[in-house]
Amino acid sequence: MDIRFISRDGVRSCAVTELRELLDRPDGLVWVDVPTWDDQADDALTTVFGFHPLAVRDSMNRNQVPKVHRYVDHFFVVLHAPQSGAHGHVHYVELDQFIGSRYLVTVHGPVNPAIDPSTAMVEVNTVLGRLESGKLQPVTGFELSFALLAALTARMRAYTAELTKDVWKLEQQVTGGHLGNPETFLDEMFRVRHGLLTVGTMAALSREVYGRMVTIEAFGTGKGQDLLLDAVDQFQHLTVMAKGQKDYLQGTIEFYQARTNTKMTIAAERLAVIAAVTLPITALSSIIGMNVIVNERTQWLSVAAIVLVMLAMSGALLVWAKRKGWF
């Protein structure tokens with residue numbers, strides 16, 4: 001558990017034993033970050049801060065959807081960020097926040113063992129770098145929370161931008177006809193679409209959470225309300241971006257499938273013509289062949305007549321198929 005005290009003099013790391021004293025001070029801002037859950041974190045959130053047991057439980061466990069809960073002197077917010085996984089899977093990296101006027105507690109939800117634990121610290125490291133450089137000087141927990149949100153939305157935009165590069169590459173392959181193995185190509189397209197669908201869903205749900213916070217004026221009036229409106233706008237922008245790219249990719253997929261289906265239809269029609277042309281030949285040869293061509297004597301005149309009949313029938317079928325436009 002990392003404790004930092006933010007004041008006009010800068011950022012200072014503190015020991016756990018100083019937490020109560022820091023919270024009792026009338027000045028400065030306290031930021032408690034919990035990278036992994038342990039007994040120390042449980043004691044601090046339960047005993048020192050006195051958070052609601054259900055909120056503490058939610059911060060300890062994984063949450064499937066973003067959420068916000070309002071309490072007397074703070075808010076509990078759950079957000080998610082995307083992280084690419086194996087075979088097109090998208091991991092939900094969770095960031096929980098207890099937001100008070102003079103403090104912020106961030107808890108990183110359980111991380112899938114398949115990904116690097118450092119992926120959960122991206123937003124915290126970004127904001128910490130801004131604090132230490134002096135570019136960010138928050139006065140309230142609301143401002144510090146918004147800085148983390150800005151880092152999270154930047155991460156979502158970067159993820160969407162990477163997927164957009166894949167969309168453009170796939171579109172160029174489809175229109176250029178350089179597709180390679182159809183099964184592998186389709187699999188790649190659907191993986192990219194899944195990624196866009198995931199980040200779009202994350203942004204849409206998070207937008208609803210902050211829309212609710214705008215309604216109840218969670219950060220107060222004035223500047224606090226402006227921060228919330230900005231957050232809603234950012235998530236709305238991300239939602240539209242992801243949906244637009246997903247729709248564009250869906251159009252590419254449909255174009256590819258239409259082209260493939262057309263080729264299969266043409267091939268099936270040609271095979272049907274071949275089958276229709278050879279069918280009378282097969283029928284005549286099977287019925288008459290045993291009576292005309294025998295081991296002891298061959299009736300050459302009959303054979304010639306039958307061959308001519310076969311050719312005539314096949315020719316007539318070819319002319320008919322041509323008039324129908326089958327080939």
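**Cavity, pockets and aromatic pairs in a predicted model**

Ala81, Val93, Glu94, Leu95, His108, Ala120, Glu123 and Leu152 form the lining of the largest cavity. The structure described here is a predicted model, and it holds one cavity of 30 Å³ or more. The volume of this largest cavity is about 30 Å³. Strand β6 supplies the largest share of its lining, namely three residues. By class, the residues around the largest cavity comprise five nonpolar, one polar and two charged.

From the enclosed space one may turn to the open ones. The largest pocket has a volume of about 290 Å³. It is lined by 15 residues, and the closest to its centre are Ile6, Ser7, Arg8, Gln137 and Pro138. Two elements, β1 (2-7) and β2 (10-14), each give two or more residues to this lining. Seven residues of the lining of the largest pocket are nonpolar, five are polar and three are charged.

The second largest pocket has a volume of about 170 Å³. Among the 14 residues that line it, Arg62, Asn63, His91, Tyr92 and Val93 are the closest to its centre. Strand β6, which spans residues 90-100, gives the most to this lining, with five residues. The strand that provides the largest share of the cavity lining is thus also the main contributor to the second largest pocket. Val93 likewise appears in both places: it is one of the residues that line the largest cavity, and it is among those closest to the centre of the second largest pocket. The lining of the second largest pocket consists of six nonpolar, six polar and two charged residues.

Strand β2, already met at the largest pocket, also holds serine 13. Serine 13 has a relative accessible area of 61%; because this is over 50%, the residue counts as exposed. Its C-alpha atom is separated by 7.5 Å from that of aspartate 2, although the two residues are 11 apart along the chain.

The aromatic side chains give another view of the fold. How many aromatic pairs does a search of the whole structure find? The search finds eight. In one of them, the ring centres of phenylalanine 76 and phenylalanine 98 are 4.7 Å apart and the ring planes meet at 35°, so the pair is classed as tilted. The pair links distant parts of the chain, for phenylalanine 76 belongs to strand β5 (residues 74-84) and phenylalanine 98 to strand β6, with their positions 22 residues apart in the numbering. Phenylalanine 76 has a relative accessible area of 0% and is therefore buried. Phenylalanine 98 is buried as well, with a relative accessible area of 0%.

A further pair joins phenylalanine 142 and phenylalanine 219, whose rings are stacked at 4.6 Å centre to centre with 20° between the planes. Here too, distant parts of the chain are linked: phenylalanine 142 lies in helix α5 (residues 141-176) and phenylalanine 219 in the loop between α6 and α7 (223-292), 77 residues apart. Both phenylalanine 142 and phenylalanine 219 are buried.

Phe76 and Phe98 also take part in one aromatic cluster, together with Phe49, Phe51 and Tyr103. A ring of another kind is involved where arginine 4 lies over the face of tryptophan 31, at 5.6 Å from the ring centre.

Helix α6, which covers residues 182-215, has 34 residues. From its first C-alpha to its last it reaches 49 Å, close to the 50 Å expected at 1.5 Å a residue. What phi does glutamate 217 take just after α6? Its phi is positive, at about 50°, although the residue is not a glycine. Most residues other than glycine have a negative phi. Glutamate 217 lies in the loop between α6 and α7, which also carries phenylalanine 219. Its relative accessibility of 41% places glutamate 217 between the limits of 20% and 50%, so it counts as partly exposed.

Histidine 87 offers a second case of a positive phi in a residue other than glycine, with a value near 60°. Histidine 87 is found in the loop between β5 and β6, the two strands that hold phenylalanine 76 and phenylalanine 98. Whereas those two phenylalanines are buried, histidine 87 is exposed, with a relative accessible area of 71%.

Methods
Residues numbered from 1 in each chain as written. Predicted model: local features only at pLDDT ≥ 70, side-chain atom pairs only at ≥ 80, totals over all residues. Heavy atoms only, no water. Helix = DSSP H or I, 4+ residues; strand = E, 2+ residues; numbered from the N terminus. Expected span 1.5 Å × (residues − 1). 1 Å grid on protein atoms, 1.4 Å probe; cavity = no way out; pocket = protein on both sides within 12 Å on 5 of 7 lines; lining within 4 Å. Points joined across faces, edges and corners; volume = space filled by probe spheres on them. Nonpolar A, V, L, I, M, F, W, Y, C, P; charged D, E, K, R; others polar. Phe/Tyr/Trp six-rings, centres within 6.5 Å; stacked < 30°, edge-to-face > 60°. Buried < 20%, exposed > 50% of the residue type's maximum accessible area, 1.4 Å probe, protein only. Lys NZ or Arg CZ within 6 Å of the ring centre and 35° of its normal.
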